[in-house]
Amino acid sequence: MIAELGLAVLWMAAALAALQLVAGALALRPEGGQLGGLVRPVAVMQGVLVLIAFAALVWLFVTTDLSVKLVVENSHSAKPLIFKIAGTWGNHEGSMLLWVTIMAVAGAFVAVIERRLDERTLIATLGGQAFISLGFYAFLLFASNPFARLAQPAEEGQGLNPLLQDIGLAFHPPTLYVGYVGLSIAFSFAIGALITRNVGPAFARAMRPWVLGAWIFLTLGITAGSYWAYYTLGWGGWWFWDPVENASLMPWLAATALLHSVSVLQSRDALRAWTVMLGVLAFSMSMVGTFLVRSGILTSVHAFAVDPQRGAFILALLAIDIGGALALFTLRVSTVTEGARFSLLSREASLVFNNVMLCGILGIVLIGTLYPLMTEAYGVKVSVGPPYFNPVSAIFAFPMLVVMAIGPLLRWRRDRLTGDRAARVTWPLAVCAALALAVFVGVETLAHHITLLPALGLALASGLFPASFLPLVGRNLRRTPLPVWGMVVAHAGIAVSLFGMASESAFSVERLAALTIGESRDVGPWQVRLDGMMPVAGPNWTALQASVSTRYAGAAPTVLHPMAETFTNPPGTRNESALQTRWNGQLYVVLGEQAQDGRWQMRFWWKPFVPLIWAGGAMVGLGGLLALLGRVMSDLRRLIAKDKIAYRRTRQGR
Amino acid sequence: MSDNTEKPRNRLALWLPLAIFGGLFALFVHGLMRPADNNVPSTFVGNPLPQFDLPAAAADRPGLATSAFRTGKPRLLNVFASWCVPCAAEAPQLAALAQAGVDVEGVAIHDRPEDLARFLANNGNPYAAIGRDDKRVVQIAIGSSGVPETYVIDGQGVIRYQHIGDIRADDVPMLLGKLKEAASKGAGS
């Protein structure tokens, strides 16, 4: 019953999306003015209906309704509740439903709160959003119905991939999805503005919180995903340049560029065409990423829902949405008038430079990801890995980070670095640069084995961190607006993360050891001893658990428990690593197999300062949150002030 | 508009994003249409055999050196071991190949002479020579990751083909074909 209800509601939501599109399109014509009033309520209703459909699917998973095909294939009655819920989106159909749900709910939200953008552009935006949604509704209803029943209810479900039964992963995909789909709103705004030829500060102001929100979710999603890969895969690495990882990185790069260019458009009315282009690009990258992951045309370690048939469907959507948007861009952008100009030494110029660098990195990652596909067209098989990605993206990243330190200190439109400005800008920056140089020289002289890239990273991070705080110098800290704090925290987070990455690659120590019980080994400053081995059991797995006592430089020992787990439903194995975190790094222990002579194969890593990678990522997300909070609060203050004025006016009888 | 003069150049640049997207789309369509093939050919194919000179592994056969492959006639190099079950399973196919006039050379991996003698007695001995590779030196040098594997080596000692896993009955004509191919290539070079 619930399944049928879900499907029916989904169909109704799709019909409303069609209505939203048609009404929006007609309302933009001179004779269809009255239809414009229909668009907002329809958008809201569509959001409510699709939310009901999604709730129905969650309910089916929670109750483990074994007459529904999707539940049988992806869930099991013995699974813990949290993974039953996570199972809703841990599969292709459910994740697509989550996708349209977020899209429709975001559209409804825009319809309710957006009052300051001119009405025609807003209607065009909601129409565009309905157009993209319709494609995904069609995909769900015709090619991947999540509510399909089995002719004969199954006895038991088949369970969820063991790698996915992890609390981090339960929330990692929805976080990324909110990010991807939030970018769809930015995309729709860009289309709306192109249709009505109204690209200006008002459009930027409407689009900005969506870009910022999506970007925060993407940042946190990528950070969490990286940490998940680090501790579940048991390989000791934190980024593998895998196609799926790249698929999440590319929208983030585009969104980062968009975020900065939209701020220029809002405050300076410059970079009009560029901002619209990035708005289209950011969501395009989300869709390209989805296509690469779902179609299976690239080999990846975490392709969980691969099917070429679905790939063809997503490719068709991709062609219609992105091809259409780019064609619209090409035809319309020459009629978008040029914005304000600025000189070479100005905050705008530094933002443009970094935008170009971000797009450069995006291009590098895209080419690297697709290169195997290109060479396969000529019958040559290659795989592209860190030896390409690391140095080539660093060529763009390092200059970008230098400019990131300078840019926020420059004035809008035109700046000069002489006189009083030298004391404010040049000298503090020179001190930071000297610090970076000192670190570089120190690293190169003290540790010869460290390669150039990590050494440069350490140096740059050391200069960048203090430089990030320079915009606060000379300000009254209590009166500094939240968005400025946000920028400072986010930029400092980049420095922190870079320091972690460089340190991990420069100073990591790896040991492979076959240990008998009671045997010890040295791993960098640590001494580890295998104390014992014990079988343990969970709700749907059994495992061998090792007890490893570890002591750091002779300090009191602590005990770690790495496990090799065997899952029963469905069968599978997972090596749960054990981590010991100190302020200056992490010890990483993985239990392997037992050798024929009874010794246990174990792998140890000592990774100095590695947690800074994710701490930095979290700081970047927090910075975004502060900025968003600041904007929302100033909007609220303005609304309240407006209400007060209106109230006084009515009381005075005016 | 006043800036009519510079429009044409601008227009062309504006088509660029759409053109790039068109290229990507073509690439994706091609990627989808292509049948999935996840086999990666060995990079050793096309390279000459590395230098080695292995001692004899069995009493009645000589050891194996690189020079044995420079006779102008293509031959098979079979990497095997007595402790490997699929190696016993492919023995009849190797015998059939030897019967057809193919020279088969063997490299015994990590083996004991008495085990090997028993293995050859039970499964037949199609090998012209068997080298003893206790430390897997040759195996690693020719890019073999397990046993059994069979290489087609042309008359100049160049690796022409690598077959991973046991030789099934229907692989025999395929290997004969590869040997014929190697004969023409080896003579040509």
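Q: How many other C-beta atoms surround A:T64 within 10 Å, and how is its burial to be read?

A: A residue is called buried if 20 or more other C-beta atoms, placed from the backbone, lie within 10 Å of its own, exposed if 12 or fewer do, and partly exposed in between. A:T64 has 18 such atoms and is therefore partly exposed. This is a predicted model, in which local features need pLDDT of at least 70 and side-chain atom pairs pLDDT 80 or more, while totals for chains, interfaces and linings use all residues. Residues are numbered from 1 along each chain as its sequence is written, with chains lettered from A and ligands numbered from 1 in the order of writing.

Q: Where is A:T64 found, and what is its phi?

A: Helices (H or I, at least four residues) and strands (E, at least two) are DSSP runs numbered from the N terminus. A:T64 is in the loop between helix 2 (36-62) and helix 3 (69-74) of chain A. Its phi is near 45 degrees, a positive value in a residue other than glycine. In chain B, B:R136 also has a positive phi, near 55 degrees, and is placed in the loop between strand 5 and helix 5 (137-141).

Q: How does the span of helix 13 of chain A compare with expectation?

A: The expected span is 1.5 Å times one less than the number of residues. For the 21 residues of helix 13 (386-406) this gives 30 Å, and the end C-alpha atoms are 29 Å apart, which agrees. The helix nevertheless bends by about 40 degrees at A:A394 (the angle between axes fitted to the seven residues ending there and the seven starting there).

Q: Which residues of helix 13 are buried?

A: An α-helix has 3.6 residues a turn, so residues three or four places apart point the same way. In helix 13 of chain A the buried residues include A:F389, A:S393, A:A397, A:M400 and A:M404.

Q: What is the strand order of the open sheet in chain B?

A: Two strands pair if DSSP finds at least two bridges between them. The five strands follow the order 5-4-3-6-7, with mixed pairing. Strand 5 (127-133) and strand 7 (159-164) stand at the edges with a single partner each, so one side of each has no neighbour in the sheet. Strands 3 (75-80) and 6 (149-153) of chain B pair in the antiparallel sense over five bridges, and B:N78 stands opposite B:T150.
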